[in-house]
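Subject: Structure for your review

Dear colleague,

Please find below the structure that I am handing over to you. I would be grateful if you could read the notes beneath it with the model open.

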Amino acid sequence: MARVRITFNINGREWTGEVDPNATLLEVIKGEVGLTGTKYGCGIGECGACTVIMNGKAVNSCLVLAPQADGARIETVEGLVREGKLHPLQEAFIEHHAVQCGYCTPGMLMSAKALLEENPDPTEEEIRIGISGNLCRCTGYEPIVKAIKAAAAKLDKSFQEE
Amino acid sequence: MSVKRLDAVAKVTGRAKYAADLSFPHMAWIKVVRSPVPHALIKEIDWSEARAVGGVLGVFTGKDFPGKVAQEKERPVLAVNRVRYVGEGVAMVAAENEEIAREAARKIRVEYEALPAVLDPLEAMRPEAPQVHGESNIICHHVVRRGNIEEGFAQADIILERTYRTHRVQNAALELETAVAVPEGDNVVVYCPCKSPFNIRRLVADALALPLNRVIVRETTIGGSFGGKDYDMGVLAARAALVAMLLKRPARISLTREESTIEGTKRHPYVLTYKIGTKKDGTLCALKVHAVADGGAYVSKTPLVTWRSAVEATGPYRIPHVQVDVYGVFTNNVYSDALRGFGSPQVNFATELLMDELAEILGMDPLELRLKNALREGDTGPTGQVMRDVSLITCLNRVAEASGWEDKRKNYGREKGYKRKGIGLACSFRGSCLGAGGEGLDAAAAALLIHRDGTADLSCGIVEVGQGSRTAFARIASEILGLPVDRINVNAVDTSRVPDSGPTVASRGTVIGGNAVLKAAEQVRRAMAGVAAELLECSPEEVEFKEGRVGTRDGSRALSFEELAGECYRRGVSLYGFGWYKAPDVFWDREKGQGEAYFAYVYAASIAEVEVDLETGKVEVLRYYAAHDVGKALNKLEVEGQISGGAAMGIGYALLEDLGLAAGEIRNINYDRYLLPTALDTGTIIPLVVEEPCRFGPLGARGLGEPATQIVAPAIINAVCHAIGSRLYEIPASLEKVLSKVRGD
């Protein structure tokens, strides 16, 4: 099968490469681009471990064909740290012990980021809906929900201070 | 003070490397061919077409292993001559990339001669049933006997007999199983997530006919275990190691979700018949238990799981006359293995549903019946053991108060309309660590090294499976040496660097590993205190280690931990501590079914509030309160996380998860059909941490991982029964099952 040349912006940097037309965005991010933070959990868009933000929306990268990402703006977990500082979501996850085995964490963080960008002050119910596509087997979600609520408050405050 | 998890930063930044994130130059990719039939002889394997695919490096079968491809009646690395369950590995392909390997695997033709299969465990017990191995399908039979059962029933005013059924679920950890084997000189190094790196090393060494010191297992960051990534990982490691050794290249085997569901670790389904006798006032006199566990096609952990079930079958109650028989049985279903709870959830489920029904018959509040019969300090337990550090009643009272049990029990279930609320209670006890059941060495090693600048390296043979063991160990060392946790580096397990510390199971990590760390830290402290005493001109007993400083108790003279470490080095005083901790000896009389089964027990009580939709049968968990006695919370937020995580797993077990096994084949092989609880399914979880120190725990701590899961399902099902006014005896309580009860079918 003839390979396809695609270009996308990932975490602020441009990436160009040749991919199989039936490769998924997840495979390309982990393989050709070499960012291993995003995880494979099921391959059918049910667990959310592969969640990345594409053009501002949280998507299951295992369901996006790589050529579909041509020209897109992609954000993965590796892009959360800015100038050596952890994102408030990352800090909150650590603070609230929302990380046990850590496998769902990258996808969970990206879903949370996308949620807070769309809804900066979500209720607990809205947070749960926002992460309902991300499975976690370890934490029972309680600490994750608390962490997202705390991060929302922090982000909101800093936004107001600007 | 809750210590932040040491590994958390790597995980939130995506820097943590799981086995599937590792890449080595010239890495070969492996795919496995699996049996589509439950029981058959392998007549022929034709790989000619597969070999011809460009990029294929080799095709291998069980016969290619130079050593032992399987222990007797144990799961082989690849089946030789015979397959015994659907999904059993029969051959494997190594290729330049995953796609080629998959394509080639599809081209392998296997000819099977079908044998009669037995799929029901009760049927498998009959002598005329098809035999899975040898002459009998009975793997094991454990008994507990106390008093005289006939006498016990004779004394009873009321006798109740019920049969319960639990089902097969999987660990479904988010991280799929991956093993990468890399040849390093004469050695083979295996990188994999694992619960028992030493077991994996042994399996690989046996299969490849290598001495133990030529197989090195290095623990990678693990994305959940819950009982998995043990023997199943060993099989994968052996497959990868063979390919690596034969091709002299790194070799990777990585399961897809579907493959993991088919091949991976499952919980034993049980059929349990309980017969209980009680006096009119609710005093229990007799309990007879007959339970059959479906062990599937290979022995695996069945003898150990069923032994634990036997010891805990009668629940945490005072019952003078007890007769327990638990059987483990072979069938041609996928093999059952360790899964969080390890035989406790199944019997806990039966006991607590039975107690609830009994309370109803007696006209007693379920809480009252528990309180009346609960074990107390100094009581003789069902196995004849004197029970110590018994905190059951504390847990029961704590959870009842926190949840507002009394009022809700009276008022729920009376709502008009199509939604009904219910509230249910369950309590449990669980033997700590491995016990007398014979899983093997219940000891662990830890090594602590203080460097010249006062920073530390800590190694323990217990792995981090996500439960926070590394943080707990750092906390223990920190407490003894007054050294801030961020100056302590806890290493991943490397089997060539630290002694065999057994598996990270049975919630023993904190207790056994923690105690080993404690000893290592104390050894270092003694050495440092000796030098400090000279410098501070006091006796070693007066030296205090606190917040990075070492000084006299009155605070008049002190120096920094770093300065002291430097001085120790100058004087040639060793700052290396080695701790070896062996669990207290326990014993078990197999025939009498009596003994000191476990050196300590963990107690818990929980209450679930649900809302049942009478038109759809859907059960919503509103709130779940769980009081767990952890002895001493080494890390409070982490403890709450374990309780919360255990609750979610229990909710899945009670309501959602089902492998859909039919004719030996699993139908629900991915998350679209195998349903895990999402953030919308768990309700509000309220963990209640009870701290009644256990005399054997490091700093008084008890284990928590498994108790947190086992009591959830009975609490929820009891709540459902309360809501609908009808009894369930099986899980999962799917929509169809609940609706059928509501309709009175």
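The notes below cover confidence, backbone features, surface patches, salt bridges and one pair of positions.

Confidence

Please bear in mind that this is a predicted model. Its scores are ipTM 0.96 and pTM 0.91. For chain B, the mean pLDDT is 92, and 96% of the residues in that chain reach 70 or more.

Backbone features

The peptide bond between Ile731(B) and Pro732(B) is cis, with omega at about 5°. Pro732(B) sits in a loop of chain B, with helix H19 (712-724) on one side and helix H20 (735-742) on the other.

Two residues that are not glycine have a positive phi. In chain A, Tyr141(A) has a phi near 70°. Tyr141(A) belongs to the loop that runs between H4 and helix H5 (142-161) of chain A. Its relative accessible area is 0%, so Tyr141(A) is buried.

In chain B, phi of Phe342(B) is positive at about 55°. Phe342(B) is placed in the loop between strand E15 (321-330) and helix H10 (344-362) of chain B. Phe342(B) counts as buried because its relative accessibility is 12%, and the cut-off for buried is under 20%.

Surface patches

A patch of negative charge on the surface brings together Asp121(A), Glu125(A), Glu126(A) and Glu620(B). Asp121(A) is located in the loop between helix H3 (105-118) and helix H4 (124-130) of chain A. With a relative accessible area of 56%, Asp121(A) is exposed.

A nonpolar patch of about 440 Å² also lies on the surface. Its members are Leu441(B), Leu449(B), Tyr576(B), Phe578(B) and Trp580(B). Which strand gives the most to the nonpolar patch? Strand E23 (residues 576-582) of chain B does, with three residues. Another member, Leu449(B), is part of strand E17 (residues 443-450) of chain B. Leu449(B) has a relative accessible area of 32% and is therefore partly exposed.

Salt bridges

Over all chains, the count comes to 51 salt bridges. Three pairs in chain B are described here, followed by a network.

Asp7(B) and Lys11(B) form a salt bridge through their side chains, at 2.8 Å from N to O. Are these two residues buried or exposed? Both Asp7(B) and Lys11(B) are buried.

Lys43(B) and Glu113(B) are also joined by a side-chain salt bridge, with an N to O distance of 3.4 Å. This pair links distant parts of the chain, the two residues being 70 residues apart. Lys43(B) is in strand E2 (residues 40-46) of chain B, and Glu113(B) is in strand E6 (residues 109-114) of chain B. Lys43(B) counts as partly exposed because its relative accessibility is 47%. Glu113(B), at 35% relative accessibility, likewise counts as partly exposed.

The third pair is Arg162(B) and Glu357(B), whose side chains meet in a salt bridge of 2.8 Å, N to O. This pair, too, connects distant parts of the chain, with the two positions 195 residues apart in sequence numbering. Arg162(B) lies in strand E8 (residues 158-165) of chain B, and Glu357(B) lies in helix H10 of chain B. Arg162(B) has 25% relative accessibility and so counts as partly exposed. Glu357(B) is buried, since its relative accessible area is 7%.

Beyond these pairs, salt bridges with shared partners connect eight residues into one network: Lys31(B), Arg34(B), Arg75(B), Glu98(B), Arg102(B), Arg239(B), Glu259(B) and Glu263(B).

A pair of positions

Gly513(B) is in helix H15 (residues 509-536) of chain B. Gly513(B) has a relative accessible area of 0% and is therefore buried. How far apart in space are Gly513(B) and Arg145(B), C-alpha to C-alpha? They are 33 Å apart in space and 368 residues apart in sequence.

For a first look, I would suggest displaying the negative patch of Asp121(A), Glu125(A), Glu126(A) and Glu620(B), and then the cis peptide bond between Ile731(B) and Pro732(B).

With kind regards

Conventions. Residues numbered from 1 in each chain as written. Chains lettered and ligands numbered in written order. Predicted model: local features only at pLDDT ≥ 70, side-chain atom pairs only at ≥ 80, totals over all residues. Heavy atoms only, no water. Patch = residues over 30% accessible without salt bridge, like charges linked within 9 Å, V, L, I, M, F, W, Y side chains within 5 Å. Areas by Shrake-Rupley, 256 points an atom, 1.4 Å probe, with all protein chains shown as cover. Salt bridge = Lys/Arg side-chain N within 4 Å of Asp/Glu carboxyl O. Lys, Arg positive; Asp, Glu negative; His and termini not counted. Charge placed at Lys NZ, Arg CZ, Asp CG, Glu CD. Helix = DSSP H or I, 4+ residues; strand = E, 2+ residues; numbered from the N terminus. Buried < 20%, exposed > 50% of the residue type's maximum accessible area, 1.4 Å probe, protein only. pLDDT = per-residue confidence, 0-100.
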